[in-house]
Amino acid sequence: MSEPNVVTVRGLRKRYGDRTVVDGVDLDVAAGEIVGLIGANGAGKTTTVECIQGLRRPDAGLLRVLGLDPAAEPERLRTMIGSQLQSSALPDRLRVGEAVRLFSGRDGADLLEQFGLAARRRHAFASLSGGERQRLFLVLALVNRPRLVILDELTQGLDPAARRSVWAAVDQLRTDGTSVLLVTHELDEAERLCDRVVAMRAGRVLESGSPAELVDRHARATTITFTRLPGPGLTDTGLTALLELPGVTEVGQLGGRVLISGDRTAIAHVGAALAQAGPVPPDLSVRIPSLEDALLDLLERDARADTPHRELTGVLR
Ligand code: ATP
């Protein structure tokens, strides 16, 4: 029998006053799975994870997290989940090493080392830079080796090297079988880390799937662009003939630049045709769609479906 879900959410609803900000959300996180919650600002992502952590009481819906009902046993659940703190959660004068000991009863030297904080062990929380605080919060989220880690804006404010080391740490969690629920606007991060992403807008889940699935379903075409050089190279006939190549769906010109759209296979065929026609244009570039493109498309479609047609006149592509 397969392991039960670490998180099961069905029909979650949450209102603030008379405004429903989470409106029937279903969400699953399996053992060892890394799931990203992505979407528009104000979509209800943070509220959803706060309900999952027992920090907010839902108005309706079923929640099971590590076998518990978060609304019924919030305190017990919080000791079982590793989650990032808000900056205000630690006293200014608390030292890094003391914070780790307070949370776990051990010195967590391995994690401090891994996150580049070993030399800061005796420093007060208030003296840490933004990125160092962020890294300390990660250490505190992981130090008790929880089965579920909930992270909100994992690498916000981190420098590129720290970002990479945090990603490596999350990859390691996957290897250890820990589940991760990640709220993020960093879609390169979601693409890189998540087994599955759940896209939300206006309190609802629009779609979920692996990042690659969402890109295949929603992203626009791969585009190839270059400037035609004077002299030898692609003739007008050659340019028209590109449209016949496998994977190519459109060939156009804008200013002096050629724009070709298609799927990924078009890259190889167009490249070969260009190389055969003469010197390869030095500004040849290829843009493969990303999860960000897919999400933008998804959000735009959903917003359009929501909005009366007359308001959109002139706004649509
Ligand atoms: P973002 O990407 O901007 O962080 P989010 O998807 O995490 O957004 P939430 O923070 O869950 O969205 O907020 C959802 C909606 O609920 C927003 O419109 C927000 O203004 C509102 N909201 C959040 N917390 C409260 C609160 N304590 N009282 C009233 N409204 C709230």
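Modeller: Let's start with a word we will need: a residue is called buried when its relative accessible area is under 20%. Keep in mind, too, that this is a predicted model.

Biologist: Thanks! What makes strand β3 count as mostly covered?

Modeller: Strand β3 spans residues 34–39, and six of its six residues are buried. Each of them therefore falls under the 20% cut-off.

Biologist: Which residues of β3 point one way, and which the other way?

Modeller: I34, G36 and I38 point one way, while V35, L37 and G39 point the other way. Residues on both sides are buried. This fits a general pattern: in a regular strand the side chains alternate between the two faces of the sheet.

Biologist: How do you know that β3 pairs with strand β8?

Modeller: We count bridges, and a pair needs at least two of them. β3 and β8 (residues 196–201) share five bridges, in the parallel sense. Strand β7 (residues 179–183) also runs parallel to β3, joined to it by four bridges. Both counts meet the cut-off of at least two, so both are called pairs. L37 has a bridge partner in each: V183 in β7 and V198 in β8.

Biologist: Now the residue L62. Where does L62 sit, and why is L62 called partly exposed?

Modeller: L62 is found in strand β4. Its relative accessibility is 42%. Buried would require under 20% and exposed would require over 50%, so a value in between is called partly exposed. Leaving out residues up to four places away in sequence, L62 touches T8, V9 and R10. V22 is 40 residues away from L62 in sequence, and their C-alpha atoms are 13 Å apart in space.

Biologist: What makes β2 and β4 edge strands?

Modeller: Look at the order first: an open sheet of three strands runs β2-β1-β4, with antiparallel pairing. β2 (19–29) and β4 (60–65) each have a single partner strand, so one side of each lacks a neighbour in the sheet. On average, neighbouring strands of this sheet are turned by 25 degrees against each other, with direction ignored.

Biologist: How do you know that β1 and β4 pair?

Modeller: By counting once more: β1 (residues 7–16) and β4 share five bridges in the antiparallel sense. The cut-off is at least two, so the two strands pair. Opposite V9 stands L63 in β4. Helix α1 (residues 45–52) lies across β1, β2 and β4, and runs at about 120 degrees to β1.

Biologist: On to the helices. Why is α3 called roughly parallel to α5?

Modeller: The axes of α3 (residues 96–104) and α5 (residues 130–142) come within 9 Å and cross at roughly 25 degrees. Angles under 35 degrees count as roughly parallel, so that is the name for α3 against α5. The crossing is right-handed. V96, A99, V100 and F103 of α3 make the contact with L136, V139 and L140 of α5. By class, that contact has seven nonpolar, no polar and no charged residues.

Biologist: And why is α8 called oblique to α11?

Modeller: The axes of α8 (residues 211–218) and α11 (residues 291–306) come within 8 Å, crossing at roughly 55 degrees. That angle is not under 35 degrees and does not lie in the 65 to 115 range for roughly perpendicular, so the pair is oblique. This crossing is left-handed. On the α8 side, P211, L214, V215 and H218 meet L291, A294, D297, L298 and R301 of α11. The classes here are six nonpolar, one polar and two charged residues.

Biologist: One more sheet, please. What makes β11 and β13 edge strands?

Modeller: Four strands form an open sheet in the order β11-β12-β10-β13, and the pairing is antiparallel. β11 (248–254) and β13 (285–287) have a single partner strand each, so each has one side without a neighbour in the sheet. From one strand to the next, the twist averages 20 degrees. Helix α10 (residues 265–277) packs on this sheet and touches β10, β11, β12 (257–262) and β13. β10 (residues 222–227) is joined to β13 by three antiparallel bridges, with T223 opposite R287.

Biologist: And the whole chain: how many helices and strands does it have?

Modeller: Twelve helices and 13 strands. Of the 317 residues, 43% are buried, which means they fall under the 20% cut-off we began with.

Methods: Residues are numbered from 1 along each chain as its sequence is written. This is a predicted model: local features need pLDDT of at least 70, side-chain atom pairs count only at pLDDT 80 or more; totals for chains, interfaces and linings use all residues. Side-chain values use heavy atoms; hydrogens and water are left out. Axes are lines fitted to C-alpha atoms, for helices over the stretch in contact, and angles run from 0 to 180 degrees between N-to-C directions. Angles under 35 degrees count as roughly parallel, over 145 as roughly antiparallel, 65 to 115 as roughly perpendicular and the rest as oblique. A crossing is left-handed if the near helix is turned anticlockwise from the far one by less than a right angle, and right-handed if clockwise. Contact means heavy atoms within 4.5 Å. Ala, Val, Leu, Ile, Met, Phe, Trp, Tyr, Cys and Pro count as nonpolar, Asp, Glu, Lys and Arg as charged, and the others, Gly among them, as polar. Buried means under 20% relative accessible area, exposed over 50%, partly exposed in between (1.4 Å probe, protein chains only).
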